[in-house]
Amino acid sequence: MAAENAIEVVSQLGASVTDSLAYIGALATLAARAAYFTFIGPFQGKPLRLQKAFSEAMEVGVRALPILSLITFFIGLILALQAAYELSKLGAMTLVAKAVALSMSRELGPLITAIVVIGRSGSAFAAEIGTMKVSEEIDPVHFLVSPKFLAMIVMLPCLTIWANVMGILGGALFGVAKADFTLARYIQTSLESLYLRDIFSGLVKSVMFGITIAAVGCFEGLSTGGGAEQVGRSTTRAVVISILLVVVVDLIFTGIFFFLGAG
């Protein structure tokens, strides 16, 4: 009996791994097709829908600014408070600005931005395409996925830069109020603590996050089954899987940059 249970567990584990690899393979295929129609197709007589891409970029980027600004400002303030709690014991309050700037640019800026975009746009992609699938109004990848793909890989780095700025300003609120900084000196200290590799690593992550979010949202929409209730399930799956894969991608690239000496 014990042997049979062990075999069943191993079998289920193997099936889960196989399904996960097949899912990632399907995402990679969709992303590759979208990349082809975005960057190569226009030179082969398959023009990109730039107006649609611009509209998607406005939705993904510009309309996300208010909520992203608020969240990252408070994240920066929280980081400053937490850093100051420990650094004050060491008499090193001047390092608060550096701690906030590095944390935002390397890690939290890209990650928080990705999570906000998943909630706003990744889910919307799945809902939009899923509704079209149910209504049998699906367009080819060329027309449907490519504009969303382009909007994501352009706007995620832009939003990440904005998130970093707002996080630093959030930390500056504490720095000016409690750590004897002036606003100008806090900003200067933050900028001096950042190297190009710190900013670069965060932007590379944001591009990969954008590809991941677009691929998952569109794939879940395209995989929607029959019936309106399936649209809601696809939307939920898109959010959950996107967050999971973004964290995995973050871990992978953090490890890569760490061993390359940039993270």
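1. At 33% relative accessibility, E59 counts as partly exposed, and this residue is the acidic partner of R63 in a salt bridge whose closest N and O atoms are 3.4 Å apart. R63 is likewise listed as partly exposed, with a relative accessible area of 48%. These values, like the others in this note, come from a predicted model, and the contacts discussed below should be read with that in mind.

2. A second salt bridge joins the side chains of K52 and E56, with an N to O distance of 3.3 Å. Both residues belong to helix α2, which covers residues 50-60, and they are four residues apart, about one turn of the helix. The two ends of this pair fall into separate classes of accessibility: K52 is partly exposed at 26% relative accessibility, whereas E56 has a relative accessible area of 6% and is therefore buried, the limit for that class being under 20%.

3. The pair in α2 does not stand alone, for K52, E56, E128 and K148 are linked in a network of salt bridges. For the model as a whole, the count comes to 10 salt bridges. A colleague examining the coordinates may wish to view the network together with the residues of α2 described above, K52 and E56.

4. Which parts of the chain does the pair R106 and D198 link? The closest N and O atoms of the salt bridge between R106 and D198 are 2.7 Å apart. The residues come from distant parts of the chain, since R106 lies in helix α4 (residues 96-134) and D198 in helix α8 (residues 196-222), with their positions 92 residues apart in the sequence. R106 is partly exposed, at 27% relative accessibility, while D198, at 0%, counts as buried.

5. Helix α8 also holds R197, a residue that is partly exposed with a relative accessible area of 38%. R197 and D250 are 53 residues apart in sequence, and their C-alpha atoms are 16 Å apart in space. That value is a C-alpha to C-alpha distance, and it should be read as such rather than as a statement about the side chains.

6. On the packing of helices, the axes of α4 and helix α9 (residues 229-260) come within 8 Å and cross at roughly 150 degrees. That angle makes α4 roughly antiparallel to α9, because angles over 145 degrees are placed in that class. The crossing of α4 and α9 is right-handed. Thus α4, the helix that carries R106 of the salt bridge with D198, is also one of the two helices in this crossing.

7. Is S242 of helix α9 buried or exposed? At 1% relative accessibility, S242 counts as buried, and its place is in helix α9. The C-alpha atoms of S242 and V216 are separated by 6.1 Å, although the two residues are 26 residues apart along the chain.

8. A nonpolar surface patch of about 380 Å² is made by I161, V165, L169, V176 and L183. Helix α6 gives the most to this patch, with four residues. Among the residues of the patch, I161 has its place in helix α6 and is partly exposed, with a relative accessible area of 43%.

9. One backbone feature deserves a careful look, namely that of D180, which has a positive phi of about 60 degrees although it is not a glycine. Most residues other than glycine have a negative phi. D180 is placed in the loop between α6 (146-178) and α7 (183-193). Its relative accessible area is 71%, so D180 is exposed, the limit for that class being over 50%.

10. As to the overall layout, the secondary structure of the protein chain comes to nine helices and zero strands, and the elements accordingly run α-α-α-α-α-α-α-α-α from the N terminus on. Taken along the principal axes, the C-alpha atoms fill a box of roughly 60 × 60 × 35 Å. Of the 263 residues of the protein chain, 43% count as buried; E56, D198 and S242, treated in the points above, are among the residues in the buried class.

How values were computed
Residues numbered from 1 in each chain as written. Predicted model: local features only at pLDDT ≥ 70, side-chain atom pairs only at ≥ 80, totals over all residues. Heavy atoms only, no water. Buried < 20%, exposed > 50% of the residue type's maximum accessible area, 1.4 Å probe, protein only. Salt bridge = Lys/Arg side-chain N within 4 Å of Asp/Glu carboxyl O. Patch = residues over 30% accessible without salt bridge, like charges linked within 9 Å, V, L, I, M, F, W, Y side chains within 5 Å. Areas by Shrake-Rupley, 256 points an atom, 1.4 Å probe, with all protein chains shown as cover. Axes fitted to C-alpha atoms, helices over the stretch in contact; angles between N-to-C directions. Parallel < 35°, antiparallel > 145°, perpendicular 65-115°, else oblique. Left-handed = near helix turned anticlockwise from the far one by under 90°.
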